[in-house]
Amino acid sequence: MGTANNVLIFADIRNGTLRQVTFEAISVAHQMANGGEVHLAILESLDPNQIESLKQLKLDRMWHVDHPLLKTFNLDAYVETWVHLIDLLNPDVILTGHTALGRDVSPRVAARKRIGLLSDCIKLDTSSTYEFVFTRPIYAGKAYVQRTITKPPFFVTLRPNNFVAHFDTSLDQSIEIKTFHPNLSQISLRTVVTDVVRKVTSGVDLSEANVIVAGGRGVKSKEGFAPLEELAVVLGGAVGASRGACDAGYADYALQIGQTGKVVTPDLYIACGISGAIQHLAGMSMSKTIVAINIDPEAPIFEVADYGIVGDLFEVVPLLTKEWQRI
Ligand code: FAD
């Protein structure tokens with residue numbers, strides 16, 4: 001595998017907490033840097049407890065970017081700041097999560113810097129001595145392609161839940177924290193955030209959940225999601241939905257999984273009353289274990305399922321909840 005002298009990670013933060021994909025990116029950065037420097041850039045304020053957990057990940061430097069324009073997400077200000085930091089640090093590799101943030105900002109920054117971007121990577125091949133080889137899905141997850149990058153610098157976005165974050169609990173090294181004040185006086189903001197309205201959710205972030213209980217049109221109503229929510233609570237997971245369920249008004253679009261919704265890779269995905277259209281599979285077929293519950297034995301979801309239950313979800317789901325409650 002190639003070696004990068006300097007890897008820069010842009011952190012993804014939600015409500016003062018680093019999202020798991022940032023820890024995963026730090027582990028990937030160490031593999032790529034192989035002794036080189038690893039920098040983490042943080043544009044929002046961070047809970048001090050999180051800095052403690054970063055000490056177990058051997059970071060060389062953390063850049064705390066301080067500017068009033070960055071207090072809430074602003075695309076123009078973020079792009080400008082990322083560009084400034086890349087100019088300052090001159091990294092060989094820039095990593096971030098393939099999240100709403102990474103998907104929005106990284107292509108614009110890559111275009112501004114005229115550097116290559118590999119998006120939605122799910123695997124880093126470590127067998128090549130000289131090159132970085134990343135795998136990414138194409139054709140909505142129907143095929144995979146390996147991409148080799150030989151010439152730095154380049155940008156990579158990582159799909160959450162596909163890389164292992166290696167914490168070393170014996171490590172307790174101090175992190176050098178530097179403050180960076182970007183000069184944003186010249187930029188014209190095309191949009192400004194006037195208000196942030198947060199949706200109240202169950203607490204488990206869908207794109208980072210280890211267990212997802214998803215419902216489709218077979219759930220038949222908004223109320224029909226109640227047994228799925230109970231099962232998700234028992235399993236410590238999150239509830240998701242197909243577009244069929246969202247279009248029918250049974251679930252919020254924030255829960256939609258698939259090509260035009262969220263892409264998820266949980267350890268366990270339980271599909272209830274979902275037929276398994278290609279656009280839905282694009283968002284969940286990488287899940288480690290898939291369980292499908294459907295009354296139709298011919299439903300295409302069974303082709304990707306590891307375990308299939310032909311039956312009525314309103315009978316099967318409460319039984320599963322009861323069994324898991326017993327364990
Ligand atoms: P249906 O296809 O209607 O399936 C319902 C299933 O429930 C059936 O298999 C039925 O047998 C089963 N069922 C019924 N009653 C029960 C019961 N009591 N117990 C158990 N099973 C039962 N879809 C997505 O999901 N995500 C996307 O991001 C997405 N993006 C799209 C983008 C484009 C451009 C297009 C054209 C389509 C997209 N779709 C997406 C829509 C997709 O093609 C399907 O229409 C959709 O996934 C169907 O949702 P469904 O499986 O819930 O519904």
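Reader: Which helix gives the most to the lining of the second largest pocket, and with how many residues?
Author: Helix H6 does, with four residues. The model is predicted, so local features need pLDDT of at least 70 and side-chain atom pairs pLDDT 80 or more, whereas totals for chains, interfaces and linings use all residues. Numbering starts from 1 along each chain as its sequence is written, and side-chain values use heavy atoms, without hydrogens and water.

Reader: What makes H6 a helix?
Author: Helices are DSSP runs of H or I with at least four residues, strands are runs of E with at least two, and both are numbered from the N terminus. H6 covers 243–247.

Reader: Why is this called a pocket and not a cavity?
Author: On a 1 Å grid over the protein atoms alone, a cavity is a set of points where a 1.4 Å probe fits but cannot get out, while a pocket is an open set with protein on both sides within 12 Å along at least five of seven lines. Lining residues have an atom within 4 Å of a point. The second largest pocket has 19 of them, with Ser242, Arg243, Gly244, Ser275 and Ala277 nearest its centre. The space in this pocket is about 290 Å³; a volume is the space filled by probe spheres set on grid points, which are joined across faces, edges and corners.

Reader: How do you know where the ligand sits?
Author: A molecule sits in a pocket or cavity if more than half of its atoms lie within 2 Å of its grid points. By that rule the ligand is in the second largest pocket.

Reader: What makes a residue part of the shell around the ligand?
Author: One of its heavy atoms must lie within 4 Å of the ligand. The shell has 27 residues, and the closest are Arg217, Ser242, Thr260, Ser275 and Asn294. H6, H7 (278–284), strand E16 (289–294) and H9 (313–326) each supply at least two residues.

Reader: Which contacts of the ligand count as polar, and why?
Author: A polar contact is a pair of N or O atoms within 3.5 Å; within protein, one must be able to donate a hydrogen and the other to accept it, and residues adjacent in sequence count only if both atoms are side-chain atoms. Polar side-chain atoms of serine 275 and histidine 280 meet oxygen atoms of the ligand, the former at 2.7 Å and the latter at 2.9 Å. A polar backbone atom of isoleucine 295 is 3.3 Å from a ligand nitrogen. The protein buries 76% of the 990 Å² that the ligand exposes when taken alone, by the Shrake-Rupley method with a 1.4 Å probe; for residues, only the protein chains shown count as cover.

Reader: How many cavities are there, and what lines the largest?
Author: There is one of 30 Å³ or more. The largest cavity has about 50 Å³, and its lining includes Asp12, Glu44, Tyr78 and Trp82. Ala, Val, Leu, Ile, Met, Phe, Trp, Tyr, Cys and Pro count as nonpolar, Asp, Glu, Lys and Arg as charged, and the others, Gly among them, as polar. That lining thus has eight nonpolar, no polar and two charged residues, while the pocket lining has four, twelve and three nonpolar, polar and charged residues, respectively.
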